[in-house]
Amino acid sequence: MPAVSKGDGMRGLAVFISDIRNCKSKEAEIKRINKELANIRSKFKGDKALDGYSKKKYVCKLLFIFLLGHDIDFGHMEAVNLLSSNKYTEKQIGYLFISVLVNSNSELIRLINNAIKNDLASRNPTFMCLALHCIANVGSREMGEAFAADIPRILVAGDSMDSVKQSAALCLLRLYKASPDLVPMGEWTARVVHLLNDQHMGVVTAAVSLITCLCKKNPDDFKTCISLAVSRLSRIVSSASTDLQDYTYYFVPAPWLSVKLLRLLQCYPPPEDAAVKGRLVECLETVLNKAQEPPKSKKVQHSNAKNAILFETISLIIHYDSEPNLLVRACNQLGQFLQHRETNLRYLALESMCTLASSEFSHEAVKTHIDTVINALKTERDVSVRQRAADLLYAMCDRSNAKQIVSEMLRYLETADYAIREEIVLKVAILAEKYAVDYSWYVDTILNLIRIAGDYVSEEVWYRVLQIVTNRDDVQGYAAKTVFEALQAPACHENMVKVGGYILGEFGNLIAGDPRSSPPVQFSLLHSKFHLCSVATRALLLSTYIKFINLFPETKATIQGVLRAGSQLRNADVELQQRAVEYLTLSSVASTDVLATVLEEMPPFPERESSILAKLKRKKGPGAGSALDDGRRDPSSHDINGGVEPTPSTVSTPSPSADLLGLRAAPPPAAPPAPSGAGQLLVDVFSDGPAAQPSLGPTPEEAFLSELEPPAPESPMALLADPAPAADPGPEDIGPPIPEADELLNKFVCRNNGVLFENQLLQIGVKSEFRQNLGRMYLFYGNKTSVQFQNFSPTVVHPGDLQTQLAVQTKRVASQVDGGAQVQQVLNIECLRDFLTPPLLSVRFRYGGAPQSLTLKLPVTINKFFQPTEMAAQDFFQRWKQLSLPQQEAQKIFKANHPMDAEVTKAKLLGFGSALLDNVDPNPENFVGAGIIQTKALQVGCLLRLEPNAQAQMYRLTLRTSKEPVSRHLCELLAQQF
């Protein structure tokens with residue numbers, strides 16, 4: 001046995017550690033440490049120079065003291081001196097001390113960097129590895145700046161040892177993660193890919209980790225790694241455990257490297273080369289086949305390594321989503337794990353199957369395991385596994401099993417853990433709405449939800465049921481009857497009272513014919529809950545009471561008595577007091593007709609984003625979008641204008657009502673609206689109120705005009721502006737507008753906000769504002785599918801001479817639109833002179849590999865630049881006579897296409913842009929308006945007169961302007977609105 005040298009023993013260190021361990025108290029330990037620190041300090045400051053062994057021993061003692069939790073404020077210079085030693089043990093201790101105790105702001109960094117540079121240049125592999133380890137452990141920006149250019153050269157140098165390459169790859173990975181901007185991309189990037197072919201498996205493992213991190217930011221630079229990774233993976237998978245003895249872990253060849261290679265392949269789409277793809281599919285099939293083989297060892301390490309490769313293989317299969325056979329086999333393999341005795345395997349299987357359920361190829365295979373998943377939901381002892389089971393039931397739900405899954409989730413909700421109840425409630429509410437063919441079942445489900453878990457039913461859920469009931473006449477009577485019966489329960493949750501108050505206040509008359517639910521009975525039932533509710537619910541019930549006075553006059557005296565009670569008129573809450581006073585006065589003063597007008601039934605809610613789905617996505621986190629979207633396909637979907645019809649594998653299934661996709665929702669009734677979260681998919685472009693983004697609230701006119709003023713071509717702002725695409729297609733390059741383009745355009749003649757177009761793939765919303773001859777328009781493009789739109793390109797085209805009449809400045813939009821996401825495009829518009837034809841909006845993209853194209857008429861008409869003008873009757877008639885030439889007048893007599901309502905007519909004329917002039921026309925039934933069309937070149941005055949004939953259901957519209965084409969065009973536009 002060789003003798004232990006003096007440099008290796010460090011007997012003094014061993015004695016010191018033994019003394020520390022033998023201390024009986026904390027005080028004794030501190031006393032011994034202070035004694036040793038004093039001794040070390042005196043040795044370092046002494047006149048006698050210390051040899052390398054002594055320095056190493058004392059530095060080790062300081063390191064040990066630091067690791068015990070005591071501060072060390074000296075000895076750093078001695079550790080730096082050890083770096084210059086030619087002995088490995090001394091240099092190693094020096095690097096160890098620096099890695100642990102020296103921070104990035106230390107004054108010694110420059111000295112340390114010089115020592116590291118000397119070791120990297122020494123070509124001694126042991127010293128080079130120590131230096132690289134130190135750089136990686138410290139990982140400061142200063143070190144990155146000093147060595148980021150040297151390490152890649154060492155990595156790809158032909159004469160570098162394998163251990164040095166391995167250390168260099170991991171060191172570079174550490175620096176890149178700390179400061180990506182410091183690692184330069186250059187020639188070495190192509191050479192580092194070829195390290196995947198290296199004979200040394202350690203080098204390959206380190207290189208894969210580095211390439212996986214680098215390719216996420218620069219995928220094109222490392223594309224050649226795909227074929228090399230597949231080749232290396234194939235060699236590992238097909239090898240026997242004896243072929244890679246040094247890298248075989250419990251009979252599994254190189255499991256860590258296999259997992260890293262599979263993760264690297266997930267950074268790229270499926271290989272385009274048929275040979276490479278075939279070899280990869282063969283590898284994946286081999287892994288799935290090996291999973292069916294009996295285990296070669298009963299030890300847990302063997303099964304862990306084998307299953308790690310299997311689950312990463314399944315993740316790659318799911319990522320590609322293009323091999324039906326592999327997807328189904330993966331699903332069947334996961335199905336076997338659902339009943340495995342190991343809890344972690346059951347959890348991972350449920351989590352992976354959630355993703356598989358969104359694939360069209362494997363959805364049916366996932367559904368075959370529904371009974372096993374339901375059993376897991378009921379019997380699993382681990383709450384995290386039960387939560388994954390609930391997620392999988394949600395993901396596999398469709399029309400064929402919706403009722404079974406919803407009923408099981410409701411049953412589970414009664415005993416569910418409090419931490420996941422709210423999430424289960426949201427999922428049940430979404431599924432019940434999404435797959436409700438019979439809306440009476442939907443109402444029953446939501447009321448059951450409130451009964452079982454009322455505390456966890458958020459406002460979004462009960463708002464949504466009220467919106468749907470309000471919008472569907474066929475379910476209103478049933479909803480009123482059902483909620484009336486639910487309110488009769490002795491213990492009734494407050495959310496049930498809110499729903500009952502709203503529905504009975506709106507539709508209680510539909511069940512009033514039954515003596516068991518007569519108006520007095522309805523009122524007494526609701527009022528019996530009044531004193532047990534919160535202030536917000538009481539306020540809603542007061543609104544229900546005043547609605548009852550309109551619906552059921554026989555209850556007026558009783559309700560007025562309640563409103564007149566001192567507890568209401570002198571209520572401490574200002575909101576309740578104000579409602580009681582105003583409702584009492586309204587019921588006493590207003591006539592029956594006025595009451596009927598003020599308290600008429602709520603109109604249908606406009607369709608907007610479903611806030612339930614948005615809330616669930618926010619709750620699940622940013623990475624959960626794909627799992628929550630309905631990713632299944634249906635060949636019944638139709639192509640949009642001009643595109644190639646997609647194959648069945650590329651079309652999304654619409655639900656019975658389009659808002660169930662989570663792209664729209666209605667405003668919350670009878671309560672303050674819930675705050676809209678960042679997770680919402682589409683900006684609310686349907687209401688007249690301000691949207692969350694962008695804000696189009698009222699601003700001073702000067703500010704608005706200055707915002708829209710396009711920069712001069714030679715100004716610096718013009719050079720910084722985001723230019724429109726250079727090669728916009730002309731009218732001859734795009735298809736004709738879709739058949740319903742004129743109808744869609746007419747919807748926007750008298751309004752600025754709304755949905756311009758919607759089909760099963762795409763939704764286009766518009767929000768705009770115009771002042772004088774300038775306008776700004778926001779277009780919102782929403783992807784209603786779960787598949788990403790590629791090469792997305794919306795373009796504004798000017799047909800004919802429109803380019804000289806209307807200037808439209810567009811901003812670029814992203815060329816990719818993720819599933820369920822939305823992009824916004826801003827258009828700045830300037831009217832140069834009067835025009836007759838609107839610009840065209842051409843939208844082109846690829847969906848599932850199939851090109852799609854769509855051409856619409858952009859809702860920009862000449863009346864958008866109308867500035868209303870007030871004038872007296874005398875001025876109006878004087879101007880009317882001045883515009884008396886035949887070519888200045890356009891007149892049209894036409895039949896009414898809509899009910900002739902004076903208020904609606906007035907609103908349309910105001911929306912058209914003109915000012916309505918009162919007391920001008922001798923006939924008060926007629927409407928008279930005036931305005932000026934503002935263009936950059938000139939102003940066009942306009943006067944109009946609309947004469948309705950209610951008996952004949954006819955209109956006569958007369959328009960006079962100073963330009964003949966404008967008169968005729970405005971007359972045509974306005975006539976189509978009535």
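Helices here are DSSP runs of H or I with at least four residues, numbered from the N terminus. The model is predicted, so to speak of local features we need pLDDT of at least 70, and side-chain atom pairs count only at pLDDT 80 or more, while totals for chains, interfaces and linings use all residues. Residues are numbered from 1 along each chain as its sequence is written, and side-chain values use heavy atoms, leaving out hydrogens and water.

**Exercise 1.** Find the helix that holds Leu 67, and decide whether Leu 67 is buried or exposed.

*Solution.* Start with the helix: Leu 67 belongs to α4, residues 52-67. Next, take the cut-offs: buried is under 20% relative accessible area, exposed is over 50%, and partly exposed lies in between (1.4 Å probe, protein chains only). Leu 67 counts as exposed because its relative accessibility is 59%.

**Exercise 2.** Describe the charge surroundings of Lys 57.

*Solution.* Lys 57 also sits in helix α4. Lys 57 is buried but has no salt bridge (a side-chain nitrogen of Lys or Arg within 4 Å of a carboxyl oxygen of Asp or Glu). Glu 36, the nearest side chain of opposite charge, is 7.3 Å away; here Lys and Arg count as positive, Asp and Glu as negative, and His and the chain ends are not counted. Now look for contacts, meaning heavy atoms within 4.5 Å: leaving aside residues up to four places away in sequence, Lys 57 touches Met 10, Gly 12 and Leu 13.

**Exercise 3.** Which residues have the most contacts inside the largest nonpolar core?

*Solution.* A nonpolar core is a set of buried Ala, Val, Leu, Ile, Met, Phe, Trp, Tyr and Cys residues joined through side-chain atoms within 4.5 Å. The largest has 191 residues, and Ile 116, Val 192 and Leu 449 have the most contacts inside it.

Key:
Helices (H or I, at least four residues) and strands (E, at least two) are DSSP runs, numbered from the N terminus.
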